[in-house]
Amino acid sequence: MTCPHCREDARCKGLRGRAALTLLGALRFERHYYHCRHCGRGSSPLDQALGLTAGDLSPAAEEVVCLAGVQASFAEAASRTLSRLAGLRVSESTAQRATEAAGGRVEKAQAAGQTFGPAQPWAWHKDADGCTVGYLSADATGVGQQGPAPGQGAEGRMAYVGMIYNPVPADRQRWADPHGRRPAWQARYVAQLQPLAALSEPLRRQGGQVGLDQAQRWIALSDGGELPARGGGDLGLLPRGGVFERVGQGLAPRPGGGGASLADVVVPAPQAGGGPGGVGGLAGLGPEGAAPGGTPEV
Ligand SMILES: [Zn+2]
């Protein structure tokens with residue numbers, strides 16, 4: 001066969017054993033193993049066909065391990081969550097390695113400008129005035145850190161989470177299609193450990209991917225005075241708690257918007273010709289420069 005590493009000819013060396021942990025339990029099997037004399041590397045086509053990577057987790061098991069790995073500590077994922085929920089027995093280091101590798105892939109994809117989920121404009125639901133509305137929010141959440149030694153604490157870090165969403169109104173008449181089937185709630189999340197201002201670009205791309213610019217109104221919600229305003233006039237993303245409204249292709253604080261809840265927010269439609277520009281981080285949420293949506297596997 002053709003060597004996948006250097007495209008030269010690789011020779012079959014017979015059957016070799018391999019182990020894999022799957023959602024159905026541990027498997028041992030044999031598959032053909034090929035060795036390439038040109039680059040000195042080995043390969044097994046079946047591994048590729050099964051999606052097996054260097055670790056011993058099948059793709060589905062890896063996904064479950066990563067889901068558990070982001071819920072709490074890797075130790076808890078390994079010792080409790082995975083065995084109870086899925087009957088999977090993995091070591092703490094396996095949970096850590098798989099989860100951190102997945103995080104690294106997401107980070108790379110985000111830095112490369114990729115967006116997540118299918119690239120398709122959403123059918124935005126309407127507010128009480130009959131205008132379509134797209135929602136945005138940003139929040140910070142503390143992520144506990146482990147110290148170098150077991151049981152040794154370390155200072156936590158703040159992860160910023162941005163969201164673009166299309167909540168389904170209770171009143172059917174305000175659905176995008178009042179005569180259709182009950183729609184599912186739609187949301188896109190972007191999270192990272194970067195400074196708050198760095199959230200705006202990936203969030204803008206996600207907005208472009210789901211057609212946020214096509215919503216007649218935008219409502220942006222954040223809960224917190226704890227999101228610090230940055231110096232040098234850079235306001236960052238939703239720097240103050242409260243409600244922001246769409247002004248042209250940006251966002252501006254809505255007068256008196258502080259402390260409002262989702263239920264009592266009505267944002268005026270954007271004026272023709274735009275207004276006094278948007279708030280720092282989220283300015284330019286519209287379609288200009290929006291990256292074509294990709295759908296990376298994460
Ligand atoms: Zn080769």
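The largest nonpolar core in this predicted model has 19 residues. Within that core, L199 and I219 have the most contacts. Three strands, β4 (133-146), β5 (153-166) and β7 (217-222), each supply at least two of the core's residues. A second, separate core is made of 14 residues, among them A61, C66, V90 and A98.

Stepping back to the whole protein, there are five helices and nine strands. Read along the sequence, they follow the pattern β-β-β-α-α-α-α-β-β-β-α-β-β-β. Of the 298 residues, 28% are buried. Looking at contacts between residues at least 6 apart in sequence, we find that 61% join residues at least 24 apart.

Now for a helix pair worth a visit in the viewer. How do α2 and α4 lie relative to each other? Helix α2 (residues 59-69) packs against helix α4 (residues 92-111) at an angle of about 90°, and their axes are 8 Å apart. An angle from 65 to 115 degrees counts as roughly perpendicular, and α2 and α4 are therefore roughly perpendicular to each other.

On the α2 side, the contact is made by E62, V65, C66, A68 and G69. From α4 come A95, A98, T99 and A102. By character, the residues of this contact divide into six nonpolar, two polar and one charged. Two of the names may look familiar: C66 and A98 take part in this helix contact, and C66 and A98 are also included in the second core of 14 residues.

Two individual residues round off the tour, and the table sets their surroundings side by side.

| Residue | Place | C-beta neighbours inside 10 Å | Class |
|---|---|---|---|
| R7 | segment before β1 (10-22) | 11 neighbours | exposed |
| A75 | helix α3 (residues 74-86) | 15 neighbours | partly exposed |

R7 has a backbone feature to look at: its phi is near 70°, a positive value in a residue other than glycine. This residue sits in the segment before β1. Is R7 buried or exposed? Its 11 C-beta neighbours inside 10 Å make R7 exposed, because a residue with 12 or fewer falls in that class.

A75, in helix α3, counts as partly exposed because it has 15 such neighbours inside 10 Å. How many residues along the chain lie between the positions of A75 and S91, counted as their separation? The two are 16 residues apart along the chain, and their C-alpha atoms are separated by 8.0 Å.

How values were computed:
Residues are numbered from 1 along each chain as its sequence is written. This is a predicted model: local features need pLDDT of at least 70, side-chain atom pairs count only at pLDDT 80 or more; totals for chains, interfaces and linings use all residues. Helices (H or I, at least four residues) and strands (E, at least two) are DSSP runs, numbered from the N terminus. A residue is buried if 20 or more other C-beta atoms lie within 10 Å of its own, exposed if 12 or fewer, and partly exposed in between; C-beta atoms are placed from the backbone. Two residues are in contact if their C-beta atoms, placed from the backbone, lie within 7 Å. A nonpolar core is a set of buried Ala, Val, Leu, Ile, Met, Phe, Trp, Tyr and Cys residues joined through C-beta atoms within 7 Å. Axes are lines fitted to C-alpha atoms, for helices over the stretch in contact, and angles run from 0 to 180 degrees between N-to-C directions. Angles under 35 degrees count as roughly parallel, over 145 as roughly antiparallel, 65 to 115 as roughly perpendicular and the rest as oblique. Ala, Val, Leu, Ile, Met, Phe, Trp, Tyr, Cys and Pro count as nonpolar, Asp, Glu, Lys and Arg as charged, and the others, Gly among them, as polar.
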